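Trainee: I should like to go through this model with you. Could we begin with a single residue and then move to the interior?

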Amino acid sequence: MKRFILLITILLPTIALAQIPVVERLGREAEKHDNVEYFSAGSVMLGMAQTFANREQRATFKMLDHIDMITSNNAAYSKTLEQRAIAIVGSVGAQYLASSQDERGSNDVYVVKQGSIVEEVIIITHGKNGGLAVVVMSGTIPVERLGELSKLTPPNK
C-alpha cells in the first residue's frame, strides 16, 4: 500500500500537467453562449471509447488522458473564442506544428512537448461558415505517432 501511495505521489504532478485547466474554464464559460457547445472526456470515458473503437484505433486512445472540445457556430462569439484560444496557446508555451485546409475549413495545430513526447495537442479549426472549434488532447504521445490522432473516428463510422 505504501508503494502505491508513493507511486501516486510521484505521478501526481505529471497527471496534473496532462490537462490544461484554463481550457475547461473557457469551455464552461463558452457554452453559456448561443450555438456553442463544450465537451470534455477524461480517462474513464476515453477508456470506454477505446473498448468500442476499431482495433486499429485502440492503441491511439491509450495515448490520450483527456480531450476537451469547444465548438462554436456563433460567428460573433467565434472571434472571441479564437482570441482566447490563441492566448492559451501562448500561455502554455505551445509550438506551432502545422496547418491544413480542405473544403470545410482550415486547421492550425500546436503542441506542447517534452523531448520526443507530446503532452498536449491544441487544434484550432476555422469553418467556412464562420464557425470555430478548439480541440485539446492531452496525454503521452510520441511525436512519430501524432498522425494517428487525425484518424480517430467515432465507433461504427
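Trainee: Is isoleucine 117 buried or exposed?
Mentor: Isoleucine 117 counts as partly exposed, because its relative accessibility is 27%; buried means under 20% relative accessible area, exposed over 50%, and partly exposed in between, with a 1.4 Å probe and protein chains only. This is a predicted model: local features need pLDDT of at least 70, side-chain atom pairs count only at pLDDT 80 or more, and totals for chains, interfaces and linings use all residues. Residues are numbered from 1 along each chain as its sequence is written, and side-chain values use heavy atoms, leaving out hydrogens and water.

Trainee: Which residues does isoleucine 117 touch?
Mentor: Not counting residues up to four places away in sequence, isoleucine 117 touches Val112, Thr140, Ile141, Pro142 and Val143, where contact means heavy atoms within 4.5 Å.

Trainee: Where is isoleucine 117 placed?
Mentor: Isoleucine 117 is in strand 5; strands (E, at least two residues) and helices (H or I, at least four) are DSSP runs numbered from the N terminus.

Trainee: Turning to the interior, how many residues has the largest nonpolar core?
Mentor: The largest nonpolar core has 20 residues. Such a core is a set of buried Ala, Val, Leu, Ile, Met, Phe, Trp, Tyr and Cys residues joined through side-chain atoms within 4.5 Å.

Trainee: Which helix gives the most to this core?
Mentor: Helix 5 does, with five residues.

Trainee: And what is leucine 81 in contact with?
Mentor: Beyond its neighbours within four places in sequence, leucine 81 is in contact with Leu26, Ile70, Ser72, Leu132 and Val134.
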